[in-house]
Amino acid sequence: QEQLVESGGGLVQAGGSLRLSCAASGRTFGSYAMGWFRQAPGKEREFVAAISRSGFTKYYTDSVKGRFTISRDNAKNMVYLETSNLEPEDTAVYYCAADPTVSFSRFSTRIVDYVHWGQGTQVTVSS
């Protein structure tokens, strides 16, 4: 079973950047597609980005395309979310999550497909 711990959140001005990290502690990290989600106050949790088990397939929600980059290092059991040109609308708690898929190229945007979740890291973007 994977345990996920996010880090790297903080307070940043609009236009700034943050690198979010997610460390997985289990032995089967490579068996999971990984995703980043976020939840703003008073809003539902939403999909941000996903990466396949191989790392070759990536997908982003439209609002972050061109600004966020997801990556993973299977040797280090890490997944990252590089954020740039941040906007106040990006303010949220960011969660990483693991999707147990047998496909090396598949990813999911659905919350229900993710079985392991981290505790979240707060990102606050000031205008």
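Strands β4 and β5 run antiparallel to each other and pair over 5 bridges; pairing here asks for at least two DSSP bridges between two strands, and strands themselves are DSSP runs of E, at least two residues long, numbered from the N terminus. This is a predicted model, so local features need pLDDT of at least 70, side-chain atom pairs count only at pLDDT 80 or more, and totals for chains, interfaces and linings use all residues. Residues are numbered from 1 along each chain as its sequence is written, and side-chain values use heavy atoms, with hydrogens and water left out.

Back to our two strands. β4 and β5 make a hairpin with 6 residues between them, and G42 in the turn has a positive phi of about 75°. On its other pairing, β4 meets β9, again antiparallel, over 8 bridges. G35 is a handy place to see both partnerships: G35 stands opposite A97 in β9, and its bridge partner in β5 is A50. β4 is also mostly covered, with 7 of its 8 residues buried; buried means under 20% relative accessible area, exposed means over 50%, and partly exposed is in between (1.4 Å probe, protein chains only).

Now zoom out. The chain has 0 helices and 11 strands. Its radius of gyration is 13 Å, close to the 14 Å that the globule rule gives for 127 residues, so the chain is as compact as a globular protein of that length. That radius is taken over C-alpha atoms, and the rule is 2.2 Å times the number of residues to the power 0.38. The C-alpha trace spans about 40 × 25 × 25 Å along its principal axes, and buried residues make up 47% of the 127. Contacts (heavy atoms within 4.5 Å) often reach a long way along the sequence: among those between residues at least 6 apart, 60% join residues at least 24 apart.

What sits inside? The largest nonpolar core has 27 residues, and M34, W36, V48, I70, V79, L81 and Y94 touch the most other members. A core of this kind is a set of buried Ala, Val, Leu, Ile, Met, Phe, Trp, Tyr and Cys residues joined through side-chain atoms within 4.5 Å. Take M34 as an example: leaving aside neighbours within four places in sequence, M34 is in contact with residues including L4, F29, I51, I70, V79 and Y114. There is also a second, separate core of 5 residues, and F37, A50, A97 and Y114 are among them.

The start of the chain shows a neat pattern. In a regular strand the side chains alternate between the two faces of the sheet. Strand β1 (residues 4-7) does this: L4 and E6 point to one face and are buried, while V5 and S7 point to the other and are not. β1 pairs with β3 (residues 18-24) in the antiparallel sense over 4 bridges, and E6 has C22 as its bridge partner there.

Next come the charges. Side chains of opposite charge can pair when their charged atoms come close. The whole structure holds 9 salt bridges, each a side-chain nitrogen of Lys or Arg within 4 Å of a carboxyl oxygen of Asp or Glu. In one of them, K65 meets D62 at 3.0 Å, N to O; K65 is partly exposed at 45% relative accessible area, and D62 is exposed at 58%. Another joins R67 and E87 at 3.9 Å, N to O. This pair links distant parts of the chain, with R67 in the loop between β6 (58-60) and β7, E87 in the loop between β8 and β9, and their positions 20 residues apart. R67 counts as buried at 10% relative accessibility, whereas E87 is partly exposed at 30%. D113 and R110 form a salt bridge too, their closest N and O atoms 3.0 Å apart. Salt bridges that share partners also join R38, E46, R67, E87 and D90 into one network.

Two loop residues round off the tour. T91 lies in the loop between β8 and β9, and its side chain reaches the backbone nitrogen of V125 at 2.9 Å. G66, in the loop between β6 and β7, is exposed, with a relative accessible area of 83%.

Key: Polar contact = N/O pair within 3.5 Å; in protein donor to acceptor, adjacent residues only side chain to side chain.
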